[in-house]
Structure formats: structure tokens, C-alpha cells
Amino acid sequence: MARRLLGAGSATILSAPEPEEEAASQEYKVSSCEQRLISEIEYRLERCPVEDPEDEAPWGDVATEDGVAPLFQVKLRHYKIFEGMPVTFTCKVTGSPKPKIYWFKDGKQISPRNQHYSLQSDPDGTCSLRAAAATLEDDGNYTVLAANPQGRVSCTGRLMVQAVNQRGRSPRPSSGHPHGRRPRSRSRDSADESEPIQERFFRPHFLQAPGDLTVQEGRLCRMDCKVSGLPTPDLTWQLDGRPVRPDSAHRMLVRENGVHSLVIEPVTARDAGIYTCVATNRAGQNAFSLELVVAAKEAYKAPVFLEKLQNTGVADGYPVRLECRVSGAPPPQIFWKKENESLTHSTDRVSMHQDPHGYVCLLIQGATKDDAGWYTVSAKNEAGIVSCTARLDVYTQWQQPAQSTKPKRVRPSASRYAALSDQGLDIRAAFQPEASPSHLALSPGLVESEDL
């Protein structure tokens, strides 16, 4: 029946001459859109936690240098079958220690206790998933994930389940099957049994879509999205219900990885509004919307330093302040760095301060030699970022040695040039105003000097 429906030369159909015979087929080639979806599923599964079965034995202690990451020697294949036929996905994986195997359907983990699927792992690394009688619900992407302490690896097989035409042989009975049958459009409506089954179509689905945006007037705005569907959907953009036409300021781009972009440069007040992206193909259409707010130029002002940091020196053990003044709208965020190390929070000894008038300060209580170096302060807001740098030097205090003998003091005489001693000229005493003789009383311990 399968050969009559799809043609004798078809290489993608499994034949089932006997009810107990396992279906076999050549590889079914997926489309580029399906392959992108498969790659994204594998990327997420290899980085997400998985649920270990309760009876799963833990790995033994294996040295890191002795371990080998999992590797697929045989990967899963893609199949196209009729409902009611059996199907088996098989792969072979190696690794040390022996990898644990996890199966997923469309990104959702399949429990080993699932009665519909039969999961098996052989000692030689061969793993299989089997469905004795496939239903329309089994259509999807099947991923096997192999993991051990050295790493993770995954591969995916696509299963396309075709509905049997009503005029042909009925599919195998599925009484007692845990999966109910959902309404599904038939692959062909023609009464001619020799006509090949039509290709399946998939309605567009957005895998990535941006949220609401606020962009300063005069700057660049980019809206990125990623869509899947079969055949490849066509995208159109609308602003408040009106089509967006490409021109010198509006460009529609498509990158090799399938990301569609609407680029607006420069943004003006006329570009503000509700943007709608519509994806359309033969299977239907899908859309998302976002709001673009264009902020006036005067609403934003890039940060600027009114007073910059200054190179500073301080004695060891003394406090020091590194301060500057910055302005900007909205008020900028302040970030401090010492050499290449960020100062993220204040401590009892090193604290960061900022007041509403734009004064910014880094206070160090009791500077040490370790505090010496280059300090950078950065101010950032939506309009831009600015930085300045200064050096802090911490030097050791010089202490004068204690004098062994007490120097003699010289009584100031009437002449301002006569205040000499064995320590040299006493400038302060020599240049005092002429002292009155009544105030020149001798004090104990003073030595009389002769006028020069």
C-alpha cells in the first residue's frame, strides 16, 4: 500500500510486508529550516540539566586525564513513515566512563517508564528508541543526549508520520494505545491513488523576537527576529498598520543564520510607534509587535567631567581622597577601578561616595603601600560613557633622629644681627623688632653674647 501511494521509486518510505517486520528506509533529508530548528534544540539540551532515572548508577572515580568525552560513531537518521507502522531510532556512542543516555522528543525528556516507547542500551554503546505502532502524535524531532564527566554530545532524528488515505488500506488498529488521535489534515485529497502525497507545510513560528525599545533621536535602532516555518516564510514590517518601505534610513536585512533585521539610522521622531512583523507562508502566518519610543536629543546628555581626578601623594598611614566632578543627563552611574581590578563595593577602609551635585569621591582611610597605583573612574548613562585616570603615590614618613645634647639658647640682644649661637644664625630672633631693654631680663640657662 505504501509503494502504491508514494511510488515504487521513493526512497523515503518504509515497507512493512509483515506485521512483525521492523520498518527500514533510506535516509530522509530534512530542509534547511528544519535543520536550523534541530540545531537549536541540540544546543539547548547540551546546556540544560537533565533528570536522571532513579535506578541510574553514579559514575565511578575516573581521573580527568583518563576520561574520554562521548562521541557518536553512528548517528540517528531521519524517517518518513505511515501511521501504524513501527519505527526504530538507533545510534552508537563511545566514551569513558560509559556515557549516560537520555532521550528527548521535541526538547522534552522521555521517561524510561514510558509505555509507548521502548528504550534500550547495549554494552557495546548501541542505543535505540522504538515505537511499535507510530501515531500522528509521534511526529517530531527525537534527540539522544550522551553525557559523562568529560562532556556532552547529542544528535537528532526527524520522524515524519503520514496519514493513510481513507480510500486505501486502513492503518493498524491502535486500541488500547496510550496516545489518542488528534484531528490532522490529510496529506492528499485526490482520489487517484497513484498521485504522490503532497509535501507537508509548517506555519511560521518566531524563535526570537525583540521587546519594546527606547532609542535616542539621531542614533541607530536595530530590531532582530528569527522565524521558522516550511516553506521559508516571507517577512514584512508595519508601523502603526502602514507598511515600512526600504529607503536610505530604513533597511531590511537577512543574515546567514536566519536572523531578520529592521535597521533604522538615524532614528527620528516620525519613527516612533507600534511596529508589527508579519511572517507568511503557504501554511499560514504569525506576527509579533513592539513599541519604539524615540527620546528627544535634549533629554539625554553624555557624561562629562567638570573636574577630573588629580595625581595625589600621601604619607603612609594617612587618609586620602580621590575626587572629581561629573555631569550628565540622566545622572550617570559611577564605576571605580584600581589598575585592572574593579572596586565593586565599599569597605570600612575604602569607600565610594557620590552626591546629587555630581561630586564623586573615593576615600581611603589609612593609606598603605598596597593602595598605590593608577585609579580610573568611569561615568556611564544612556547617552555615552567617559573615564579619567590618576595616580596615587604612598610614601614613607621620614623621622628626625633625637638630639643627644640640649642646644644652648641665646638671649636676644638689642641688635637684630647679634643672635648667633653654635647652631648658626637664629633668623626668627634676629629679625624681631628692636626689643626694649626692660624686656631683656636674663633667664636662667641663657648665655650672654657680645654685640658684633
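**Strand β4 and its surroundings**

Over 2 bridges, strand β4, which spans residues 100-105, pairs with β5 in the antiparallel sense. The model discussed here is a predicted one, and this strand pair offers a convenient place to enter it. Within the pair, Phe-104 stands opposite Gln-109, a residue of β5.

The pairing belongs to a wider arrangement, an open sheet of 5 strands that runs in the order β2-β9-β8-β4-β5 with mixed pairing. At its edges are β2 and β5, the latter covering residues 108-109, and each of these pairs on one side only. In general terms, the strands of a sheet pair through backbone hydrogen bonds, in either the parallel or the antiparallel sense.

Lys-105, which has its place in strand β4, deserves a closer look. Its relative accessible area is 18%, and because the limit for a buried residue is under 20%, Lys-105 counts as buried. The side chain of Lys-105 reaches two backbone oxygens, that of Glu-137 at 3.4 Å and that of Asp-139 at 3.3 Å. Leaving aside residues up to four places away in sequence, Lys-105 touches Ile-110, Tyr-117, Glu-137, Asp-138, Asp-139, Asn-141 and Tyr-142.

Asp-106 is found in the loop between β4 and β5, and its phi is near 55°, a positive value in a residue other than glycine. With a relative accessible area of 40%, Asp-106 is partly exposed. A positive phi near 55° is also found at Glu-339, a residue of the loop between β22 and β23, where β23 covers residues 341-343. Glu-339 is partly exposed, its relative accessible area being 39%.

The backbone also contains cis peptide bonds. One joins Ser-96 and Pro-97, with omega about -5°, and Pro-97 lies in the loop between β3 and β4. Another leads from Ala-329 to Pro-330, where omega is near -5°; Pro-330 is found in the loop that connects β21, residues 320-329, with β22, residues 333-338.

There remains the nonpolar interior. The largest nonpolar core has 26 residues, of which Phe-72, Ile-81, Phe-89, Trp-103 and Leu-159 touch the most other members. The elements that give two or more residues to this core are β2 (79-82), β3 (87-96), β7 (126-131), β8 (140-148) and β9 (151-162). As a general tendency, nonpolar side chains in soluble globular proteins are buried together.

Note on methods
Residues are numbered from 1 along each chain as its sequence is written. This is a predicted model: local features need pLDDT of at least 70, side-chain atom pairs count only at pLDDT 80 or more; totals for chains, interfaces and linings use all residues. Side-chain values use heavy atoms; hydrogens and water are left out. A nonpolar core is a set of buried Ala, Val, Leu, Ile, Met, Phe, Trp, Tyr and Cys residues joined through side-chain atoms within 4.5 Å. Buried means under 20% relative accessible area, exposed over 50%, partly exposed in between (1.4 Å probe, protein chains only). Helices (H or I, at least four residues) and strands (E, at least two) are DSSP runs, numbered from the N terminus. Two strands pair if DSSP finds at least two bridges between them. A polar contact is a pair of N or O atoms within 3.5 Å; within protein, one must be able to donate a hydrogen and the other to accept it, and residues adjacent in sequence count only if both atoms are side-chain atoms. Contact means heavy atoms within 4.5 Å.
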